[in-house]
Amino acid sequence: MRSSQFFLPTLRENPTEAQIVSHRLMLRAGLVRQTAAGIYAWLPLGFRVLKNIERIVREEQDATGCQEVLMPTIQSADLWKESGRYEAYGKEMLRITDRHEREMLYGPTNEEVITDIFRNGAKSYRDVPALLYHIQWKFRDEVRPRFGVMRGREFLMKDAYSFDLDFAGAKRAYNKMFVAYLRTFARMGLKAIPMAADTGPIGGDLSHEFIILAETGESAVFCDKSFTERDVLSMNIDYESDLEPIVKAWTTDYAATDEKHDAIRFDAIAPERRVEARGIEVGHIFYFGTKYSEPLKAQVQGPDGQNVTLHMGSYGIGVSRLVGAVIEASHDDKGIIWPESVAPFKAGIVNLKVADAACSKLCEDLYAKLTKAKVEVLYDDRDIRAGEKFAEMDLIGLPWQVVVGPRGAAQGKVEFTNRKTGEKQEISAEEALNRLT
Ligand code: ATP
Ligand code: MG
Ligand code: MG
Ligand code: MG
């Protein structure tokens, strides 16, 4: 992509409405624009990041054997009346009446719809276990939408649902999602800590929130330092094997949000190992037994011919919130620092002197070769001041910058910069090509 053709409306000044760094940077770097309170449009740069995050979430869900579906955003109120949640959900639910005066709603979550689909489609124990997910926009009329996409009213969520005959089956599904979540967030360069979370009126201890530590987080959290020191991606995962040992290893040390905080257990940790911090909830997994299958009569015939009410779980990830969370975790005073896995482009080429024939030729050549090799690159081919180009490249945070000036170009040399470390190296254009492909 050429900068001269790319729609990238950046802002020089800090927008006054943004209270936290990710919100400021998302507006300044032209990732999103607010269209109404808590409702955002995704511009080209931001949309690329959103898609990358979505892709990682999808790949890790697919790896567990979870199957992707797509349910609508608009739901009928009938199912919610059947589950008993229509009144209980309260003002967070956006209620809509259609032209026939039918009560509809914009889905804040999908337990009812998926349970309805599954109860109509599944007949016997042979149809379970089943794990289904979708990635779809949700609407929750949050009292205080704030922090940009972190607490929007319309937001993109991955929500998965599991159906099993009994608790043991449901726990296997839970463990799959638990491990998939560890991998999903690690691939985005995030350290997400599974923390014991409140299960509300259902009770039990089978709920974990996946929390990123950040000063601007909305929850107070407490954990053992060990969680910040673990390597997730080197673990070899076989989703067909028993995942209980892995889940055990990740749930033994202390980690809890304030609702579940146990000061006695926390104080038993060596003082230098205690982490008391703020956190952002990026995912939440939940076993809720027959809470929805009971009222909605989601049953299958068991091996003995008797009907069994299904045990269910639900598993959410805040896909759009993650864009903000990654920025909270990775930025400096100049701008965003994207981890390669989610970066909108892998590299940027900065042409320091468009009028210089050799300089432009080298840039064009590099751009053509990278594009051919399917490396995503943003080529700043505009005839503007170098300082402006540098500032924008740093702001939008592409992992690698290839800076080409007339002097270097005369010798086939470029300056190759790592956005994260700031390390600069003068290397040949060919070497730059090798490093990026
Ligand atoms: P929160 O505690 O932040 O209000 P929640 O517990 O209500 O979130 P869940 O119902 O667990 O949210 O939904 C699953 C995931 O969806 C959350 O872990 C979070 O990452 C994301 N999410 C929830 N509400 C929002 C929102 N208003 N804006 C963006 N993402 C959200
Ligand atoms: Mg909420
Ligand atoms: Mg929550
Ligand atoms: Mg939650």
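Which residue stands opposite leucine 94 in β6? In this predicted model, the partner of leucine 94 is tyrosine 106. The two residues belong to an antiparallel pairing in which strand β5, residues 94-97, and strand β6, residues 103-106, share 4 bridges. β5 and β6 form a hairpin, with 5 residues lying between them. Within that turn, glutamate 101 has a positive phi of about 65°. Strand β6 also pairs with strand β4, residues 74-76, through 3 bridges, again in the antiparallel sense. Here isoleucine 74 stands opposite tyrosine 106, the residue that also faces leucine 94.

A further set of paired strands involves β8. Strand β7, residues 130-139, runs antiparallel to β8 and is joined to it by 10 bridges; isoleucine 135 is placed opposite lysine 158 of β8. Strand β8 is likewise antiparallel to β16, with 8 bridges between them, and phenylalanine 163 has methionine 312 of β16 as its bridge partner.

The surroundings of β8 deserve separate attention. In a regular strand, side chains alternate between the two faces of the sheet. In β8, Glu154, Leu156, Lys158, Ala160, Ser162 and Asp164 point one way, whereas Phe155, Met157, Asp159, Tyr161 and Phe163 point the other way. The residues on both sides are all buried. Because 11 of the 11 residues of β8 are buried, the strand is largely enclosed by the rest of the structure.

Strands β8 and β16 lead to the ligand site. Ligand 1 is surrounded by 14 residues, and the closest are Phe155, His284, Gly316, Gly318 and Arg321. At least two residues of this shell come from each of β8 (154-164), β13 (274-289), β16 (311-318) and α9 (319-329). The greatest contribution is that of β13, which gives 4 residues. By class, the shell comprises 3 nonpolar, 6 polar and 5 charged residues.

Helix α9, which supplies part of this shell, also packs against helix α1, residues 21-28. The axes of the two helices are 8 Å apart and meet at an angle of about 110°. Angles of 65 to 115 degrees count as roughly perpendicular, and α1 is therefore roughly perpendicular to α9. On the α1 side, the contact is made by Val21, Ser22, His23, Leu25 and Met26, which meet Gly324, Ile327 and Glu328 in α9. This contact of α1 with α9 contains 4 nonpolar, 3 polar and 1 charged residues.

Terms used:
Residues numbered from 1 in each chain as written. Chains lettered and ligands numbered in written order. Predicted model: local features only at pLDDT ≥ 70, side-chain atom pairs only at ≥ 80, totals over all residues. Near = placed C-beta within 6 Å. Nonpolar A, V, L, I, M, F, W, Y, C, P; charged D, E, K, R; others polar. Buried ≥ 20, exposed ≤ 12 C-beta atoms within 10 Å, placed from the backbone. Pairing = 2+ DSSP bridges. Axes fitted to C-alpha atoms, helices over the stretch in contact; angles between N-to-C directions. Parallel < 35°, antiparallel > 145°, perpendicular 65-115°, else oblique. Contact = placed C-beta atoms within 7 Å.
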